[in-house]
Amino acid sequence: MATPLEQLGAIGQSPWYDSIGRTFIKSGALRALIDRDIRGVTVNPTIFEKALAAGSDYDVSIGALVARGARPYGIYESLLIEDITAAADLFRPTYERSAGQDGFVSIEVSPALAHDTAGTIAEARQFIGRIKRPNVLVKVPATDEGIPAIRQLIGEGIKVNITLIFAITSYERVMEAYLAGLEQLAARGRPLETMASVASFFVSRVDTEVDQRLDSIIAAGVSDKRREELEALRGKAAVANARIAYQRFQQTFAGERFQALKQKGARVQRPLWASTGTKNPAYSDVKYVEELIGPDTVNTMPLATLEAFQDHGRVVRTIDTHLDDAYLTINRLEDAGISMREVTNKLLMDGVQLFSDSIARITRVIGEKSAPLLAEHPEQPTGLARAIAH
């Protein structure tokens with residue numbers, strides 16, 4: 001009997017894993033997930049920060065980089081690239097079997113470049129040039145400055161995972177950038193069938209933010225009837241938002257503009273449901289998987305969610321069900337004084353800041369790990385100590 005993960009694949013949804021780390025790769029744990037039909041992996045600075053701080057997995061590599069005079073951020077990039085390259089090699093057979101549909105590993109441009117179009121493009125090119133694997137996606141945030149970078153990179157043939165999408169309007173701009181990039185690629189005479197992209201639409205964080213706002217309204221004092229109405233909206237915003245996004249996806253890629261590109265070999269840009277771990281224990285531990293199942297999608301899960309879904313997940317197409325209820329939920333939230341535009345704008349800014357903070361902590365940890373290595377090798381150039389401090 002097919003497992004729940006295998007059943008997802010039969011419906012057309014690819015299960016990916018949302019974590020990476022050197023021990024996880026070298027121990028064979030990632031290979032074991034691939035054998036269970038995990039078809040890709042994503043990572044962000046916060047995830048990598050946890051892997052780096054967990055122990056001594058990276059110390060040998062840090063020592064070698066210190067000896068070459070690398071600065072902390074450069075060390076971080078090199079360590080991440082080593083992991084991404086190793087993971088990409090493990091997923092290469094999946095990439096080949098799926099004809100380039102799956103088997104991807106994602107690497108994120110620095111969050112410090114979230115509002116720097118030219119810097120984002122340059123770092124993405126640098127990553128692809130150093131990794132040299134066809135199954136790597138560069139993660140670019142869906143900021144105002146990230147959108148033109150996405151268009152340019154797609155137009156150059158660089159595969160992109162657009163991250164930190166919360167708003168429907170942002171998602172529409174992301175799809176537009178993808179189509180424009182494909183058109184640029186076609187105009188250059190480049191093949192479209194090898195291009196791939198996913199749009200990472202974040203889910204659980206929306207419920208967390210909206211639920212907090214609902215609780216604040218209730219705490220301020222409302223009638224019993226109004227309290228009941230507001231409480232009924234808790235845990236509903238994220239799935240409603242994602243289902244509306246999927247409708248936009250269907251409309252866009254059924255349109256004439258994409259169909260003309262499809263004739264030249266183009267693939268759809270699949271929605272990727274991100275942040276699918278359940279944060280509120282009152283909700284099902286597989287809520288953001290079971291309620292977002294459908295074709296031409298990806299769900300990237302943290303380990304706890306993956307294990308829970310493999311244990312008791314139910315696989316039924318749900319992503320395009322109860323669409324009227326999704327719109328009704330959003331309208332009721334707006335009527336309650338909760339602006340989805342404000343919510344999603346805040347979540348985007350918070351996401352960029354969260355990843356920026358993680359980078360700062362990563363470079364600090366690397367600096368701390370580097371200091372004793374310098375002490376052991378006093379023959380290193382004196383300028384190296386100054387480099388590590390930056």
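1. The barrel. In this predicted model, eight strands form a closed barrel in the order β1-β2-β3-β4-β5-β6-β7-β8, and their pairing is parallel. From one strand to the next, the twist averages 30°. In general terms, the strands of a sheet are held in pairs by backbone hydrogen bonds, in either a parallel or an antiparallel manner.

2. Two strand pairs within the barrel. Strands β4 and β5 run parallel and are joined by four bridges. In this pair, Val138 stands opposite Val160 of β5. Strands β7 and β8 (residues 297–301) also run parallel, with two bridges joining them. Here Leu272 is the residue opposite Val298 of β8.

3. Burial of strand β5. Strand β5 covers residues 160–165, and six of its six residues are buried, so the strand is largely enclosed by the rest of the structure. Asn161 makes a polar contact of 3.1 Å, side chain to side chain, with Ser106.

4. Ser106 in strand β3. Ser106 belongs to strand β3. Its relative accessibility is 0%, and the residue therefore counts as buried, the cut-off being under 20%. Apart from neighbours within four places in sequence, the contacts of Ser106 are Val41, Thr42, Val43, Ile84, Leu137, Lys139 and Asn161. The last of these is also its polar partner, through the side chains.

5. Helix α7: length and ends. Helix α7 comprises 15 residues (117–131) and, at 1.5 Å a residue, should span 21 Å; the C-alpha atoms at its ends are 21 Å apart, so the two values agree. The N-terminal end of α7 is capped by Asp116, which places a side-chain oxygen 3.3 Å from the backbone nitrogen of Ala118. Just after the helix, Lys132 adopts a positive phi of about 55°.

6. Helix α7: packing. Which residues of α7 are buried? They are Gly119, Thr120, Ile121, Glu123, Ala124, Phe127 and Ile131. The buried residues of this helix pack against two helices, α6 (72–97) and α8 (146–155), and against two strands, β3 (104–108) and β4 (136–141).

7. The largest nonpolar core. This core has 123 residues, of which Phe48, Leu79, Ile84, Ile107, Val210 and Leu333 touch the most other members. Helix α6 gives the most to the core, with eleven residues. Ile84, one of the residues just named, is also among the contacts of Ser106.

8. Leu79 and Ile62. Where neighbours within four places in sequence are left aside, Leu79 is in contact with Arg22, Phe48, Leu52, Tyr58, Ser61, Ile62, Leu65 and Ile366. Among these partners, Ile62 lies in helix α5 (residues 59–67). Ile62 counts as buried because its relative accessibility is 0%. In sequence, 289 residues separate Ile62 from Gly351, and their C-alpha atoms are 28 Å apart in space.

9. Ser275 after strand β7. Ser275 is located in the loop between β7 (270–274) and α14 (287–290). Is this residue buried or exposed? With a relative accessibility of 10%, Ser275 counts as buried. Excluding residues up to four places away in sequence, it touches Phe202, Val203, Ser204 and Arg205. Phe202 is 73 residues away from Ser275 in sequence, yet the C-alpha atoms of the two are 5.3 Å apart. The side chain of Ser275 makes polar contacts with the side chain of Ser204, at 2.7 Å, and with that of Lys279, at 3.3 Å.

10. Ile330 in helix α16. Helix α16 (residues 323–335) contains Ile330. The relative accessible area of Ile330 is 15%, and the residue is therefore buried. Besides neighbours within four places in sequence, Ile330 is in contact with Ala237, Ala240, Asn241, Ile244 and Met340. The C-alpha atoms of Ile330 and Ala238 lie 9.7 Å apart, although 92 residues separate them in sequence.

Key
Residues numbered from 1 in each chain as written. Predicted model: local features only at pLDDT ≥ 70, side-chain atom pairs only at ≥ 80, totals over all residues. Heavy atoms only, no water. Expected span 1.5 Å × (residues − 1). Buried < 20%, exposed > 50% of the residue type's maximum accessible area, 1.4 Å probe, protein only. Contact = heavy atoms within 4.5 Å. Polar contact = N/O pair within 3.5 Å; in protein donor to acceptor, adjacent residues only side chain to side chain. Pairing = 2+ DSSP bridges. Axes fitted to C-alpha atoms, helices over the stretch in contact; angles between N-to-C directions. Core = buried A, V, L, I, M, F, W, Y, C linked by side-chain atoms within 4.5 Å.
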